[in-house]
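Trainee: I would like to go through how two helices pack and how a sheet is put together. Please show me the structure first.

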Amino acid sequence: MSLDKATVKNIANLARLEVREDELDHLAGELSNILQFVEQLAEVNTDGVAPMTSVAHMELPRRRDEVTDGNYPERVLANAPERIDGFFVVPKVVE
Amino acid sequence: MSELTKLTMAEAREGLKAKRFTAVELTKAHLAAVGAARGLNAFVTETPDLALERAKLSDAKLAKGEAGPLEGLPIGMKDLFCTEGVRSTACSRILENFVPTYESTVSGKLKDAGAVVLGKTALDEFAMGSSNETSAFGPVTNPWKRKSDPSVKLVPGGSSGGSAAAVSARLVMGATGTDTGGSIRQPASFCGLVGLKPTYGRCSRWGIVAFASSLDQAGPMTRTVRDAAIMLGSMVGYDPKDSTSANVAVPNFEAALTGDIRGMKVGIPKEYRPDGLSAEISKLWADGIGMLKDAGATPVEISLPHTKYALPTYYIVAPAECSSNLARYDGVRYGKRVEGKTLDEMYAKSRAAGFGKEVRRRILIGTYVLSAGYYDAYYIKAQKVRRLIADDFAKAFETVDVILTPTAPSAAFGQGETDDNPITMWLNDIFTIPTSLAGLPGLSVPTGLSADGLPLGLQLIGRPFDEETVLKVAEVMERAAGFTAVPAGI
């Protein structure tokens, strides 16, 4: 698969990464190379093979649905770039 | 260079017990070495005051006979482990001012065992790299030099390059690494160290900055196999806070070092001998096989037929998981923030300013292979091939007890020596990635020097949760190889 500039722009938008217009050409080439490299997997016969989601041979552990942690807003907010009255602050999202 | 910094962990443990020196003296000797070696750029953040405070506590515990297994031993902590009250950057601009309010499980266990942390060691940004050159805080220099040209600055390997350089230069006795595709084993090979990636699930991932969650695993980097066994013992164990943490018994790893490998079958995979394999690495491998034979083990040729697909599989699975994991860096709750007119603009600008080139590349690839229309063709396909790779190993372990391969295709290379093609750099991990995909324990042990005087390591791969066999065989090889070379100036 060879990626064009528009596709790279779309992926960057999905990934919420600002990419400058003048970087698109270079990125398209680089990403296309990588895709060509990984596409050699197509030659492997995987009929009837179940996808491996985890190497850990275990059932997902369960626990009671109860609060086990929390009640320290100061610690949660300690690294916030912007905060007011115990809240994280973001740009206005509702017009 | 103080005599104290030349000790192994095992020797220092005895010295402290016998009161030949104190933990404070041991820590001060290592802090002096850290101060004298800043040119290596091995540490991102030094914590000398905290270290001295901890060393005093260690001396008090030693005096009361309450010493932990690592009491008073100076170590380095890869800056991917969140440490309470100490900046934890992952060597990324996006986390350059991040001070965790909690402690990772593994770093907490090491502190509880009495280890004295001298600071946070450098890595490739978010552990994505094989040379430590993608760090936002500059490259790390390998303390080893080429005989032919000592002026060339070599890379320590990556991603755990700061840890490797620090242990190799005798700034700390051991250090933590994390390994997703080879990030403990390859730098260990480049710096003449023992590096062990345990079985997936052996060490808790809780509090380690996530890269690829189905692959990430913490492990020790030390100068001897015994030290690796000692340090590993204080890193492992079940942790309910990590849903993939394995609830299995923790053996006494040091007790596994019996020196007796008679009758053991050692798999030699024929697919690890690609056409371009250097004569030097081939010879290293053959010498290693000879050492095991001499010790009474039997080499057995095995086949791991899907080996050549491991790298492309990894470069779908790892970027996919990376793009999901790194979605959390949005400039809202922590990390770098660049203002924008809208929320989306703020996200995009913050992430563009915070992530370096290699990280951005992997996020974009990961986003693409997970996107609608491509998910089955790339991601699901890779997960299927991953199973075939894991099955290859399972089949091999029906007949052999351990597998021996080279760790890396070359010795340490020079800073800036690799070309612009990212795949060239990725080829460094060609021998370590299959083990990671299969979740198996892998260890690199130094067994020889290149013609240019640089260390080279061999990799031992074991069955799931059989770190004991890996360590046992590694110690036999360590003894047979008699690897006593040290970097210039040590």
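Trainee: Is the crossing of H2(A) and H11(B) left-handed or right-handed?
Mentor: This is a predicted model. Helix H2 covers residues 24-38 of chain A, and helix H11 covers residues 357-370 of chain B. The crossing of these two helices is right-handed.

Trainee: Are H2(A) and H11(B) roughly parallel, roughly perpendicular or oblique?
Mentor: Their axes come within 11 Å and cross at roughly 60 degrees. Angles of 65 to 115 degrees count as roughly perpendicular and those under 35 as roughly parallel. The crossing angle therefore makes H2(A) to H11(B) oblique.

Trainee: How many charged residues does the contact of H2(A) with H11(B) have?
Mentor: From H2(A), the residues in contact include A:Leu27, A:Glu30 and A:Ile34. On the H11(B) side, B:Arg360, B:Arg361 and B:Leu364 are among them. By class, the contact has 8 nonpolar residues, no polar ones and a charged count of 3.

Trainee: Which strands stand at the edges of the open sheet in chain B?
Mentor: The sheet has 11 strands with mixed pairing, in the order S1-S3-S2-S4-S6-S5-S10-S11-S9-S7-S8. An edge strand here has a single partner strand, so one of its sides is left without a neighbour in the sheet. The edge strands are S1 (43-46) and S8 (298-302).

Trainee: Which residue in S10(B) stands opposite B:Leu196?
Mentor: Strand S5 (residues 194-197) and strand S10 (residues 442-449), both of chain B, pair in the antiparallel sense over 3 bridges. Opposite B:Leu196 stands B:Leu443.

Note on methods. Residues numbered from 1 in each chain as written. Chains lettered and ligands numbered in written order. Predicted model: local features only at pLDDT ≥ 70, side-chain atom pairs only at ≥ 80, totals over all residues. Heavy atoms only, no water. Axes fitted to C-alpha atoms, helices over the stretch in contact; angles between N-to-C directions. Helix = DSSP H or I, 4+ residues; strand = E, 2+ residues; numbered from the N terminus. Parallel < 35°, antiparallel > 145°, perpendicular 65-115°, else oblique. Left-handed = near helix turned anticlockwise from the far one by under 90°. Contact = heavy atoms within 4.5 Å. Nonpolar A, V, L, I, M, F, W, Y, C, P; charged D, E, K, R; others polar. Pairing = 2+ DSSP bridges.
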